[in-house]
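Grab the model and work through these short exercises on one strand and its neighbours. Try each task before you read its solution.

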Amino acid sequence: MKSIKFYYVFIMLITLSCKNQDSDRQVFESKEYSHDTIDIVDYNGLQPYLETEDDRIHVVNFWAMWCAPCVAELPYLQQVVRQNPDIDMLLVSMDFTNDVETRLKPFLKDNNIKSRVILMDDPDANYWINQIDPSWSGAIPFTIIFNKNKRLYLEQSFENAEDFQNQINQFYN
């Protein structure tokens, strides 16, 4: 009888963990977010977002509210993603964790940001920046465009939507 109970508990745990993984993937692939909650992650929490086994284009953009070029390019990123339904975008905020409720969420709402946003909080920047791209100086904005076959790192800001779309087009080719 004990082994039967253990078996059911084991099956239930496996089922629940599989459902969580699937729902996380669905959340990343959704096009619009309410930003009611913003996940705060370290490098280990970010790493799954930097990997894929599919052909879809994924864009991860590192930015912060205090970075003028970052803020200036956000509308361009949003526009291109809206026009390209095959692109998944994740915005990785480098803002301070104590600003999430008072500044970040209002900023996202005021600027009509619809992409998923997570906040990176990992003090060992020398480690995780090197893990992401050894040639990255750590300056933001920084954008990664990737799928299962290739990866493009861009340490630059986009001057307009066409500039970002051109990078997407080059990635396709």
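Before we start: two strands count as paired if DSSP finds at least two bridges between them. Keep in mind that this is a predicted model.

**Exercise 1.** Find out which strands pair with β5 and in what sense.

Solution. Start with β5 itself, which covers residues 142–146. On one side, take β2 (residues 57–63): β2 and β5 pair in the antiparallel sense over 5 bridges. Within that pairing, Val59 stands opposite Ile145. Now take β6 (residues 151–154), which is joined to β5 by 4 bridges and also runs antiparallel to β5. Here Ile144 faces Tyr153, and Thr143 has Leu154 as its bridge partner. To get from β5 to β6, follow the hairpin of 4 residues.

**Exercise 2.** Place β5 in the whole sheet and say which strands stand at the edges.

Solution. Read off the order first: the open sheet has 6 strands, β1-β4-β3-β2-β5-β6, with mixed pairing. Next, look at the ends: β1 (40–41) and β6 each have a single partner strand, so one side of each lacks a neighbour in the sheet.

**Exercise 3.** Decide whether the two faces of β5 are covered or open.

Solution. In a regular strand, side chains alternate between the two faces of the sheet. Sort the residues by side: Phe142, Ile144 and Phe146 go on one, Thr143 and Ile145 on the other. Then apply the cut-off, where buried means under 20% relative accessible area. The residues on both sides pass, so both faces are covered. That fits the tally for the strand, with 5 of its 5 residues buried.

Conventions: Residues are numbered from 1 along each chain as its sequence is written. This is a predicted model: local features need pLDDT of at least 70, side-chain atom pairs count only at pLDDT 80 or more; totals for chains, interfaces and linings use all residues. Side-chain values use heavy atoms; hydrogens and water are left out. Buried means under 20% relative accessible area, exposed over 50%, partly exposed in between (1.4 Å probe, protein chains only).
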